[in-house]
Amino acid sequence: MINKVKGTYDVLPNELGKWYFLEQKIKEITKKYHYYELRTPIMEYSNVFHRETELSDMVTKETYNFVDKGNRDVTLRPEGTAGIIRSYVENKLYVASDLLKVYYVGPMFRYERPQKGRYRQFNQFGLEAIGSKSSLLDAELIKLSNDFIESLGLENVTIQINSIGDSESRTNYLNALVSYLTPFYEELSNDSKERFKNNPLRILDSKDLNDQKIIENAPKPIDYLSSYSKKYLDDVLKYLEIFNVKYNLNNKLVRGLDYYSEVVFEVLADIKGLGNGNVLGGGGRYENLVSELGGPQTSAIGIAFGIERLLLAIEHQEIVKEEVSEIDSFIITFSENEKLYGAKIFNLLRDKGFNVDIEFNNKNFKQQLKKALAKNSKTLIIIGENELKNETVTLKNTKTEIQTEIKLKDLITNLEKEIK
Ligand code: HAM
């Protein structure tokens with residue numbers, strides 16, 4: 001037996017109900033907020049993700065990279081934003097309109113340590129609004145996220161917001177953070193020692209208990225915001241109040257990617273034992289990605305939800321009951337000739353729009369009956385020697401167990417009555 005690749009999973013037919021539910025909600029929310037779908041490839045040239053400014057673990061350590069037969073460096077996308085921006089620039093989507101609002105749904109790939117809610121192939125529902133720096137747009141996207149979570153029926157979910165400011169704010173803050181952390185360097189966890197060198201901001205996000213103690217008294221990004229960034233955050237919060245969105249200002253919130261500036265946010269569930277899997281979605285504003293990928297200087301904002309994590313939360317709260325599927329009729333035959341007659345009826349009923357099934361293998365009556373009941377068939381159409389001879393069928397209601405032999409020409413009216 002060959003197993004699935006570590007960190008991947010199959011979705012079996014009986015598990016798809018909640019996926020369809022989620023897909024429907026995605027269609028509704030994107031329509032309501034005027035986000036249009038943009039589909040990009042799951043593989044991109046590596047330099048779409050591997051950029052000089054992007055030193056996050058996710059991009060430097062966790063991407064699936066390969067060299068194709070034409071000797072080109074290719075990467076399976078670890079996230080959706082960079083590919084969307086590549087497409088925005090390549091297709092000059094900025095020409096038609098000053099603001100493009102797009103969404104995407106699809107698989108992403110990260111070589112992470114698999115655990116509940118964390119996979120190596122997982123799916124995201126992401127949204128990007130490209131072309132405008134407006135605090136109203138930030139607030140609208142956060143409101144959309146809030147509406148989306150409500151539309152799923154999820155409870156105990158909070159929106160965490162922080163500002164990491166513009167580049168001036170970030171430089172000032174980084175200096176303060178590094179000065180604060182330097183005397184504690186030897187006490188930091190190995191991961192955080194590494195982050196100290198590459199991206200000290202991420203130490204704020206450390207799950208190590210001792211790191212957390214050290215961070216407790218560290219300077220807070222919000223105290224180092226430039227007056228511009230401070231006003232920008234305040235404006236976003238004012239709009240959120242108008243929109244009636246509840247939020248938590250969380251000054252420890254930093255994101256796992258390096259392209260962010262100004263306002264960042266996460267959508268956080270509260271499911272015991274899920275740890276980081278409680279982060280249902282995250283995003284923020286980014287100012288330089290469009291220009292880094294060869295387009296004009298353009299500000300954008302976006303968020304992506306982890307579909308598997310949303311599904312876990314939906315499952316946890318038992319929101320979607322698995323649908324019980326039913327069929328209208330199951331056709332039972334015995335000999336080859338009866339099967340030919342049965343096939344004619346099968347075809348006729350399907351053409352008329354009935355949901356019918358038939359036995360494809362050679363099985364005895366008991367086995368066929370068992371199958372029909374497993375499919376929750378409302379009726380049975382039984383064809384034996386007599387029925388074949390008389391051009392009739394025996395129609396049996398599986399609930400009342402009443403069966404009658406009827407003329408073939410009367411089948412449709414009788415079947416309609418029985419399945420009502
Ligand atoms: P991210 O925080 O890296 O952001 O991922 C967004 C969401 O994807 C996470 O909140 C989580 O729900 C889900 N996720 C991430 N990694 C995994 C995994 N290994 N297994 C299961 N789910 C996972 C981004 O990807 C940004 N592109 C978001 C964004 C859009 N920022 C601006 N625009």
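Modeller: Before we look at the helices, buried means under 20% relative accessible area, exposed over 50%, and partly exposed in between, with a 1.4 Å probe and protein chains only. This is a predicted model, in which local features need pLDDT of at least 70 and side-chain atom pairs count only at pLDDT 80 or more, while totals for chains, interfaces and linings use all residues. Residues are numbered from 1 along each chain as its sequence is written, and side-chain values use heavy atoms, with hydrogens and water left out.

Colleague: Which residues of α1 are buried, and which are exposed on the other side?

Modeller: An α-helix has 3.6 residues a turn, so residues three or four places apart point the same way. In α1, the buried residues are K18, W19, L22, K25, I26, I29 and T30. They lie on the same side of α1 because they cover an arc of only 125 degrees around the axis, taken from the directions from the helix axis to the C-beta atoms. Y20, K27, K31 and K32, on the other side of α1, are exposed.

Colleague: What do the buried residues of α1 pack against?

Modeller: They pack against β5 (100-109), β6 (121-130), α4 (135-151) and α10 (307-316), where contact means heavy atoms within 4.5 Å. Helices (H or I, at least four residues) and strands (E, at least two) are DSSP runs, numbered from the N terminus.

Colleague: At what angle do α11 and α14 pack?

Modeller: Two packed helices are described by the angle between their axes and the distance between the axes. Here α11 (residues 336-351) and α14 (residues 411-419) pack at about 65 degrees, with their axes 12 Å apart; I345, L348 and L349 in α11 meet L411, I412 and L415 in α14.

How values were computed
Axes are lines fitted to C-alpha atoms, for helices over the stretch in contact, and angles run from 0 to 180 degrees between N-to-C directions.
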